[in-house]
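Me: I'm new to this structure and would love a close look at one part of it. Could you walk me through the sheet and the helices that lie on it?

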Amino acid sequence: MKHIDHYTFFQKRIVRRAAWAAAVLAAALAVTAYWTAEVHDAQRQLADKLIRLHVIANSDSDADQALKLQVRDAVLARAEEILAAAPDLAAAEKALREALPELSALAEDVMEGEGFSYAASGTLGWERYPTRVYDTFSLPAGEYLSLRLVLGEGGGQNWWCVVFPPLCNAATSEEFSQTAEAAGMTGEEIALMTEEAGGAVVRFKLVETVESFLQSVF
């Protein structure tokens, strides 16, 4: 009977399993790297055509959170009027920058009308957003030009959407597509945002999770 070296047998088995695990890990990393590059490219393209709206409530009280939504509605309605003739991001940015004092005053008027004397601070600049899923579309994490309104102390939960083009007002996928096309978005970009391309949100969230993990480690 042939003598079996149990130590060598288990050693080879461990090496084979380690090699298999390394191959699986390498494949997973390759897929993640591909998705990361793809999502980054998509995000940069979208950021060249979108302006986000970021409204931050005074606090998390029910009254302040309800007030935040009233300010949001008023600002969105007025911003849509201001941006109606803007053909692109540069024109929209210029129009919003000029309208910042007006929009801040509008927010304060809404709050005063509800019995609150909070100040509102309006700015326009680049902000980093997490992956966000809305009723009719989604957006990957990344930096976007943002109309930011801080109400009072700005210590409450915030609200995000898109002020240019007015995608937040699109109640259906058809309305969303029409609004996006009118703003110069390509069919590929619209498909990605509406998940017609398949699995977009999964890729967005996976890339965001991996990047957050790497930042915490390194």
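Reply: Happy to! Keep in mind that this is a predicted model. A good place to begin is a pair of residues: H54 has R148, in strand β5, as its bridge partner. That pairing belongs to the link between β1, residues 51–56, and β5, residues 142–151. These two strands run parallel and are joined by six bridges.

Now step back to the whole sheet. It is open and has four strands, in the order β2-β5-β1-β6, with mixed pairing. The edges are taken by β2 (120–129) and β6 (158–164); each has a single partner strand, so one side of each has no neighbour in the sheet. On average, neighbouring strands here are turned by 30 degrees against each other, direction ignored.

Next come the helices. Helix α2, residues 62–82, lies across β1, β5 and β6, and runs at about 10 degrees to β6. Helix α3, residues 89–113, lies across β1, β2, β5 and β6, at about 135 degrees to β2.

The two helices also pack against each other, at an angle of about 145 degrees and with their axes 10 Å apart. Their crossing is right-handed. On the α2 side, the residues in contact include L67, V71, A74 and V75, while α3 contributes, among them, A95, L96, A99 and L103. Sorted by class, this contact between α2 and α3 has 14 nonpolar residues, one polar and two charged. Q70 and R78 of α2 take part in the contact, as does E102 of α3.

Technical notes:
Residues numbered from 1 in each chain as written. Predicted model: local features only at pLDDT ≥ 70, side-chain atom pairs only at ≥ 80, totals over all residues. Heavy atoms only, no water. Pairing = 2+ DSSP bridges. Axes fitted to C-alpha atoms, helices over the stretch in contact; angles between N-to-C directions. Contact = heavy atoms within 4.5 Å. Left-handed = near helix turned anticlockwise from the far one by under 90°. Nonpolar A, V, L, I, M, F, W, Y, C, P; charged D, E, K, R; others polar.
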